[in-house]
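Please open the structure in your viewer and keep the selection panel handy. Each stop below suggests a selection and tells you what is there.

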Amino acid sequence: MSGTMTYHFSVILVTFGLLLSFITYAMTWIKRSLCLPFAVLSIGFLSYCSFSLFILVIERGPFEYYLGGWPPPIGIAYYIDELNAFLSLLVYLVALINLLCNRERFLEKQGDRIGGTMALYILFITGLNGILLTADLFNLYVLLEIASLTGYALLAIGDKRQAPFASLNYVFLGTIGACFYLLGVGYLYIKTGSLNMQDVSRLITQIPKSPTILSGFIFILIGIWIKMGLFPFHIWLPRAYTNTFGPISSLIAPLGTKVMAYVIFRVILFVFGKEFSFEIYSLGHVATLFGVAAILYGAITALRQTDLRRMLCFVVITEIGYIVAGLGVGNINAIRGSLLHLLNDVAMTFCLFLSADHLIVNTGTKIEELKGVFQKTPFGSSIYVLASLSVIGIPPSPGFFGKWYLLQGSLEAQNFWVFGAILLSSLLNTVLFFRTFEEGYYHHTESPSYGPKKTSLSAYGGILASGLLVVLMGLLAHPIVGHIVDPFLLRARLP
Amino acid sequence: MDSILEFIVGRYNYWLYILLMMIGLYAMISKNNLTKKIVGMNIFQTAIILFYISIGFKKGGTIPILEHTSHAVEVSHFVNPLPHVLMLTAIVVSVSTFGVALALAIMIYREHGTLEEDEILKCLEQ
Amino acid sequence: MNEIYSIRPLWVVLISLCAVPLIISTKRPNLRETWTILAGVLKLALVLSMLPDVLSGSSFSFNILTLFPGLPFRLRVDPMGLIFALVASFLWIVTSLYSIGYMRGLKEHSQSRYYAFFAIALSSTMGIAFAANLLTLYIFYEILSLSTFPLVTHHQDQEAKASGRKYLVYLLGTSIGLVLPSMIYLYMRFNGLDFRFGGFVPAGGANLPLNIACLLLVFGFAKVAIMPLHSWLPAAMVAPTPVSALLHAVAVVKAGAFSVVRTILFVFGEGFLEGSWARPTILFFASATVLIGSLVALYQRELKRLLAFSTIAQLSYIVLGAAMLTEHGVKGGILQLAMHAFGKITLFLGAGAIFVATGKKLVDQLEGLGRTMPFTFGAFFVGALSIIGIPPMGGFLAKWELLLGSCQSQYMGIMGVLLASSLLNVAYFIPLVYRAFFPSFPVEGKIREAPLFCLLPMLATALFTILLFFFPYPFAQLISGLWSQLLGG
Amino acid sequence: MGWQIDLLILLMVISCAIAAVEVKDLLATAILFGAYSFLMCLLWAVMGAVDVAFTEASVGAGVSTVFFVGAIYHTRRRTKD
Amino acid sequence: MRYLYLLLVVLSASVLFYATLDFPQWGDPNSPASLHVSPVYLQRSLEDTSVPNVVTSVLADYRGYDTMFETTVIFTAGLACFVLLRVFAPKMKDTYYRHIQSGVVLHIKGQTTLLDGSRDFERIDSRWVPADIILKTISRFLIPFIQLFALYVVAHGHHSPGGGFQGGVILGASIILLSISFDLRTGLEKIHERGLGLFSATGVFIYTGIGALCLILGKEFLNYGVLSKILPVDPVMARSLGIFGVEVGVAITVMAVMVSIYNYVSSEGRLDEGL
């Protein structure tokens, strides 16, 4: 029994996610005060499940799960390997820490609608989790829709004037992205007849030079790149993440774009195959071009921003640029670097947004309003400094390791565009973040009249936990690459 | 000569679906009124559903409902059911997005008093 | 030459890090200062405990964790590292005592932050000293520049902001912009960055990218303040004096010099550098720095800026010594690393004492202070002599070795540079001290000596500069051991 | 005979779509949008997708038109472009 | 700016057109799509699930997981409208009462509670338009039949086109018809917001619950065959019953969500008087 029980573990994660979110919503009509504690408990339980799933996968290696008992081409299958189990663990950790850290602010902001918001919160994470684990192209579309629908609703909570309009723009661009993805899947379906990833990749190799497969490839890529917020399609990202409610931006900013970045790797390496997409469709040049453009655009526009959280959004765009540039370079070190950067980036962006949100609560959203914040909340600002140093890429932090592999890969591939762009953006990031440090550090008032706003103990605990997560990811960089990233690359038959 | 005609007859449907998609996409991108954009979005989604259904269509195939007969099922008599299942989901997804977009439009109207994008952008600037 | 695998080097690095939480948490100033000094004493004791084994030729090493395949985060104690560690840890104790007097004398604000970042800076200096490969050195190098930033900008005023910005642009910019790419290139080519006697780059210096990598590394470690990238050092003089005393005379700039010597001797080695065009360029820039540094020091009005430019000149001695690649040249360079530390720290402590006692900063304000502050100016005179290289002071030994080395190497021009710069040293130090003792006009006003806490450390370092001339016990033996391994290794 | 009907309905669908997008009055858009959905459902019925046609008729033509009219009721009816 | 959009649209149209060159003929029976997986569905549907309508069997059994997430999507839409639009704060508002016999209208300022007691006063909306009597009687007459038809559609999903979604929507539409022809308050009296919320949650809960039940009984998630352990039927009938149970769950959720979205959209979240 225990053998099958652990085998079923993968689907428990998503199923209980759904069940618990329905109960959380039902709680608003049964006993409204129970909603928040119930949500916190359920996310805690889900994180425990995802942790044990991760341990299970590390021990027994990847495995497949047939939904409804039907083998893949007929039914839908799950495929769980080390990388997506670890990423789903990160998703749950981020959600748990974020909720623990901002419980009071959610309650104070949403009041009686807290049950619905918490249900959306859990559904968002379950949707992301489903995207990570599924091995069926159409199921990926449906989960994509759940994640973005909950994303639209959550992002609309925020200041009344800006958030709904930003969220509606996100709806339009997100729907275009999802429909392009659906169109791409349709094109693959019309030529291959199946929807399972492995099945489709097996059939595609038999019909290499077909315009339908090529345009299917193009549309799937464009669709996911819109959801990822890559450079030319990033228009929705800064406005959506800046005007929303603080804790929600620190939930969606680190997770939304990164899970879609994982989908890019899954689709290119496992559905179309690396040699297929790089040689025949010359993806390398396109991805490098877009990646470098994203890096430079993100770094330069971030310098011009006056609002702190808007500046961080452009940092997110730069990070996405790193990941895509690494994919564009194509050799094993660069892809290893971009995958590692993807994992580290979840922790870094989360810690950055959480601590920046803490600073914004105490001072104001503009950067020059950050005067003397280092003295006012020394603890929150030190975690903010830790996170930004990791984004710049100071050695002991996780950001450095990702950059190291990316630089090494691009040097081996003689791709000096990517090499130069990464170095230049690190320097621009340094200037960027030290500008905020100067604001916070220099305006030292002799008698600090105002202490930090009544931030509760759990808020400090949450920020500390996110800081520890970043430090841990830094120290564990080598084992992460060894046990999680390399097996994924091995299975993708990379040279 | 008839091969070209036959080629066209075999594909004019897809070209008209593409035209429909582009109407939706164009409306969604270029229209100034937010409600018009929402309508464009829905047209775009239904056009893709149309494309999927036409993948499954077979000439001479009836609706995929089988009777309890003795002999084996002749596959070419029935239309391919898989796209229909997929498109049931897509329709529900398009209605849900439609509902959420309308809710957002109402929120925007409650705050800004207008649904014209240029007026909203102007008063967001101050 | 056996390898002892022990955790001691890690303890040396971690001691002051453990002191940081204690420093931040204690409220009472006296208890807080005792933590700093206790950490300093413990660190020195641990470093000294490693001395006998290293002298007998063995070396300690400790593997903390693997960062990249074939590139561990590894500490390894060898004679050169030990010299630098000895100097830094001893002078940390001296400077902590001094800064108690200084900070209390001027009633500076947020002193616990000051001591905490001081401790972090020292632990990263130890890390640089004991780094076993280029990446570990780079990691500690970055932490050092970040932890010294709040110290340099301690006064948090407009001037501190400008100099802090320049400090960071130079140090972080060059380390990310220049050192990182060359390090990655080396790792890519030799997939390993461990320091090895005689360098791990194969002989044959005609290879262009390797030359460029060598130059990038030498100029990347901008803390050594070679001419084009030197202007952060005078700007950093806005810091409180104990910071400029320890950091900008001993820890930070010596870390830069130490890293450059590591790259020249332990990464590229003489096999590669003999034929390469990188070596003459380094020599040219270093000698240019020596001459121009000393010349500019002549025209400085502010005492600390004068000392800063003299430090820039003296640092390039070390680079010159290493780049000569002759036995005496290398010995002289490393000896200079130690001797200059003691000499220069005495000068800076003297300048601080004058500032605490009289609040005077400019050179020509020092007229006639020697009469009323005999001890300060006595120590100042001793330090100046050691910098110039007059026999009874330690500095002479280093200069002597350097001159011998320049004879051995085929670049005779270096001897001329060294002699000219010694003359320039005399030109800007001796008149200053002379005018202090024999003023041209009588000095009015009652000026008392500096507080005891400032005087004692200064006199101690002055005493040491003299002692080191007669018993250069630990450094001479360490260097001779080092050279035999370089040749033998 | 089949493909002529199919082409005719398709052309009507396209004209409904263009009209729905171009007309200025939102209520007219709602009605046209309902007609568009209904014709679409007709097209699918012709193509044998009976389930999907039924759903589109009830969901597309029915409920979303009601939501659309409800939303217009609370916002403005005239549009600028 | 308009030409840039036009250019974008034409560009994507050209890529789409470029792809159609390689498409199989429209409606050609042996196109790859209808040869690879769909024959399996057609042939095995009857003996696996004894459900003649292949679409329903694929919908709820072979690819039942998709439909579960589809129901979650519709549930999320209801949730989003609740979170975004619902306003709980009762604004102090004027209320209007009309004396039924004489037609006199009382305008009471700022008092929200109902005027107590007398039956000869009826509450009316501020923008009161007398609901057309013809409309009211017809809708009162029609609604039961619509609901009956809806239940038929849900129940008969196995044999004829229809099923959970269509039935749920029609059921919801009947209640919306009630709210439109009378006014939202009467619609709310028939099924209150609390009921709608609970219904939408229980519907999806039923669907996922059945799947979890199969999991607990040992087989994979949503594998209805294993229900034969607890139901006195053979695995094939168990599958068909599983499909029916799932369809009922879907119908409940869709009905509740459609009505609640209408309520929130038409009254801007205040749930006072609708259209």
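**Stop one: the start of chain B**

Select Ser3(B), which sits in helix 1 (residues 2–30) of chain B. Keep in mind as you click around that this is a predicted model. Is Ser3(B) buried or exposed? It counts as exposed, because 7 C-beta neighbours lie inside 10 Å and the cut-off for exposed is 12 or fewer. Now add Trp15(B), twelve residues away along the chain: the two C-alpha atoms are separated by 18 Å.

**Stop two: the nonpolar core**

Next, look for the largest nonpolar core, a set of 562 residues. Which members touch the most other members? They are Ala103(B), Leu104(B), Ala105(B), Ile83(C), Ala88(C), Val319(C) and Ala80(E). Pick Ile83(C) from that set and show its contacts, leaving aside neighbours within four places in sequence. You will find Ile334(C), Leu337(C) and Ala338(C), together with Phe475(C) and Leu478(C).

**Stop three: chain C as a whole**

Colour chain C by secondary structure, and 18 helices and three strands appear. Along its principal axes, the C-alpha trace of chain C spans about 65 × 55 × 45 Å. A compact globule of 489 residues would have a radius of gyration near 23 Å, and the 21 Å of chain C agrees with that. Of those 489 residues, 60% count as buried. Take the contacts in chain C between residues at least 6 apart in sequence: 82% of them join residues at least 24 apart.

**Stop four: helix 15 of chain C**

Zoom in on helix 15 (residues 394–408) of chain C, which has 15 residues. At 1.5 Å a residue, this helix should span 21 Å, and its end C-alpha atoms are 22 Å apart, which agrees. Which residues in helix 15 of chain C are buried? Gly394(C), Gly395(C), Leu397(C), Ala398(C) and Lys399(C) are, and so are Glu401(C), Leu402(C), Gly405(C) and Ser406(C). To see what covers them, show helix 11 (303–324), helix 12 (327–358), helix 14 (374–388), helix 16 (413–437) and helix 17 (452–470) of chain C, which are included in the cover.

**Stop five: where chain A meets chain C**

Bring chain A into view beside chain C: the contact takes 20 residues from each of these two chains. On the chain A side, helix 18 (398–412), helix 19 (416–442) and helix 21 (477–491) are the elements that give two or more residues. Helix 19 of chain A gives the most, with eight residues. By class, this side of chain A divides into 13 nonpolar, five polar and two charged residues.

**Stop six: where chain A meets chain E**

Swing over to chain E, where 50 residues of chain A are in contact with 49 residues of chain E. On chain A, select helix 1 (2–30), helix 5 (114–133), helix 6 (137–156), helix 7 (163–192) and helix 9 (211–228), each of which supplies at least two residues. Helix 1 of chain A gives the most to this side, with eleven residues. The side of chain A that touches chain E has 28 nonpolar, 18 polar and four charged residues. Among the six pairs of chains that touch, chains A and E have the most contacts.

**Last stop: chains that do not touch**

Finally, display chain C with chain D: no contact joins them, and their closest C-alpha atoms lie 52 Å apart. Chain C and chain E do not touch either, with their nearest C-alpha atoms 39 Å apart.

Terms used:
Residues are numbered from 1 along each chain as its sequence is written. Chains are lettered from A and ligands numbered from 1 in the order in which they are written. This is a predicted model: local features need pLDDT of at least 70, side-chain atom pairs count only at pLDDT 80 or more; totals for chains, interfaces and linings use all residues. Helices (H or I, at least four residues) and strands (E, at least two) are DSSP runs, numbered from the N terminus. A residue is buried if 20 or more other C-beta atoms lie within 10 Å of its own, exposed if 12 or fewer, and partly exposed in between; C-beta atoms are placed from the backbone. A nonpolar core is a set of buried Ala, Val, Leu, Ile, Met, Phe, Trp, Tyr and Cys residues joined through C-beta atoms within 7 Å. Two residues are in contact if their C-beta atoms, placed from the backbone, lie within 7 Å. Ala, Val, Leu, Ile, Met, Phe, Trp, Tyr, Cys and Pro count as nonpolar, Asp, Glu, Lys and Arg as charged, and the others, Gly among them, as polar. The expected span of a helix is 1.5 Å times one less than its number of residues. The radius of gyration is taken over C-alpha atoms; the globule rule is 2.2 Å times the number of residues to the power 0.38.
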